[in-house]
Amino acid sequence: MIMGIDHPVIAVDNMDAAHAAYRRLGFTIAPRGAHLEWGTGNWCMMFPDDYLELRGIVNPEKYTHSLEKVLAEQGEGLMGVALGTNDAEAVYKHLAERGLNPQPVRTLTRNFELPEGNVQLSFALCFLDPPETGGMMSVVFCQHLTPHLLRKPAWLQHDNAVVGVHSLTCAVPDLDAAAAAHESIFRAEAVDRTADGLSVDVGGRGKVIVMTEGAARQRFPLLKDPKTSGTGRIVATSFRVADLDRCRRHLKSEGVEFLVSEENSLCVDPGEACGALLEFVAA
C-alpha cells in the first residue's frame, strides 16, 4: 500500500523568486496551486511517476501546516516528503498497528490555476509524527483522488532532462535509531546497512539513503551545514536525468553553480535552489 516517493517538498520564502530559480535550473513548472483548506500554495515540477513541490505561504491568515515555523527556524530548503499510497486509510491502520502515531486521514483540496480556469485536485493524507520518521522530517502518505488532472504531456518535458526522483538523502545523529524507525514504517527487510549508513526501500519509486552528518558532509561538499536536530533532516534530493550532458550544458548556459561529484553526478549549490541541495544523476 506504500508506493515509494511521490514528491519531495521544498519550503520557499517567495513564490515568484522560487519560480524564477527553478525555471533557471531547467524545470518546466506547472501552473500554480493554492490549497483551499490551508494558506499555502505551490509550484510543482511533474515527472511521469512522481514530482517535486515548492511550497510557500500565500495567505498568512490561514493555517499553514507549520510552514511559517519551518521558514523561521530553518529557512528555505527541503522540509519533508510525501510517500505515495493507493489507500491512505489502510496506511493509517498499518502504522497504528505497528505502534506508531499517525494522524487520522484528512482530505486536502488544491485549486489548480490553469489558463482555461481553475480545477480542483483532491488528496487523502495521513501524516506521521516527525519524531517517528527516521530523518525524513515531515512525512505524509498521499493518496491522489484526482490523478487524471495532475499531469499534461507538456509539463513532463524539462530542459535539464530530468525524468524522475532518484532518492532522498537524510543525515541523522543516530543510525541505529533511524534504522528502527524505518523498519517500523516499512519492514525489516526494507532496510539495508551500507558502508555509509542505510539504504531504505520505501515501497517502489525511489529510495531513501540515511547517513551520519560526517558521511553526508563528505558525500555532498556543497552542504553548508549538515548538522541535524532531533531525529535528523533531509539534506539532498537526487533526480534521474535522461541525458546528463544535456543537463550539464543547460546549467552552464544559465551560469548555475554546480560540482561534478566522484560518482559523476551534478550537484547544484543550495544557494541556486532555494536552500535545497539538488543532485542530477544519469537515469
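Buried means under 20% relative accessible area, exposed over 50%, and partly exposed in between, with a 1.4 Å probe and protein chains only. This is a predicted model, in which local features need pLDDT of at least 70, side-chain atom pairs count only at pLDDT 80 or more, and totals for chains, interfaces and linings use all residues. Residues are numbered from 1 along each chain as its sequence is written, and side-chain values use heavy atoms, with hydrogens and water left out.

**Exercise 1. Classify aspartate 269 as buried or exposed, then describe its surroundings.**

Step 1. Place the residue. Aspartate 269 sits in the loop between strand E15 (266-268) and strand E16 (278-282). Strands (E, at least two residues) and helices (H or I, at least four) are DSSP runs, numbered from the N terminus.

Step 2. Apply the cut-off. Relative accessibility is 8%, so aspartate 269 counts as buried.

Step 3. List its contacts, meaning heavy atoms within 4.5 Å. Aspartate 269 touches Leu222, Lys224, Glu257 and Ala276, not counting residues up to four places away in sequence.

Step 4. Look for a polar partner. A polar atom of the aspartate 269 side chain lies 2.7 Å from the backbone nitrogen of glycine 271.

**Exercise 2. Find which side of helix H3 is buried, and what it packs against.**

Step 1. Pick out the buried residues of H3 (residues 88-97). They are Ala88, Val91, His94 and Leu95. Their arc, taken from the directions from the helix axis to the C-beta atoms, is only 115°, so they lie on the same side of H3.

Step 2. Turn to the opposite face. Exposed Lys93 and Glu97 are carried there.

Step 3. Identify the packing partners. The buried residues of H3 pack against E1, E5, E7, E8 and H4. The helix runs at about 15° to E7 (117-128). Angles run from 0 to 180 degrees between N-to-C directions, with axes fitted to C-alpha atoms, for helices over the stretch in contact.

Step 4. Check both ends. At the start of H3, a side-chain oxygen of aspartate 87 comes to within 3.3 Å of the backbone nitrogen of glutamate 89. Glycine 99 follows H3 with a positive phi, near 85°.

**Exercise 3. Trace the pairing of strand E9 and state how enclosed it is.**

Step 1. Count bridges; two strands pair if DSSP finds at least two bridges between them. E9 and strand E13 (residues 233-241) run antiparallel, joined by 8 bridges. Threonine 169 stands opposite alanine 236 in E13.

Step 2. Do the same for strand E12 (residues 207-212). Here 6 bridges join it to E9, and the two run parallel. Cysteine 170 has valine 210 of E12 as its bridge partner.

Step 3. Assess burial. Of the 11 residues of E9, 9 are buried, so the strand is largely enclosed by the rest of the structure.

**Exercise 4. Describe the largest nonpolar core.**

Step 1. Set the criterion. A nonpolar core is a set of buried Ala, Val, Leu, Ile, Met, Phe, Trp, Tyr and Cys residues joined through side-chain atoms within 4.5 Å.

Step 2. Give its extent. The largest core has 61 residues, and those with the most contacts inside it are Tyr22, Phe27, Phe141, Leu278 and Phe280. Strand E9 (residues 162-172) gives the most, with 5 residues.

Step 3. Examine one hub. Among the residues that leucine 278 touches are Ile10, Tyr22, Phe27, Phe239 and Val268.

Step 4. Separate the other core. A second one, of 17 residues, includes Trp38, Tyr51, Leu121 and Leu125.

Note on methods:
A polar contact is a pair of N or O atoms within 3.5 Å; within protein, one must be able to donate a hydrogen and the other to accept it, and residues adjacent in sequence count only if both atoms are side-chain atoms.
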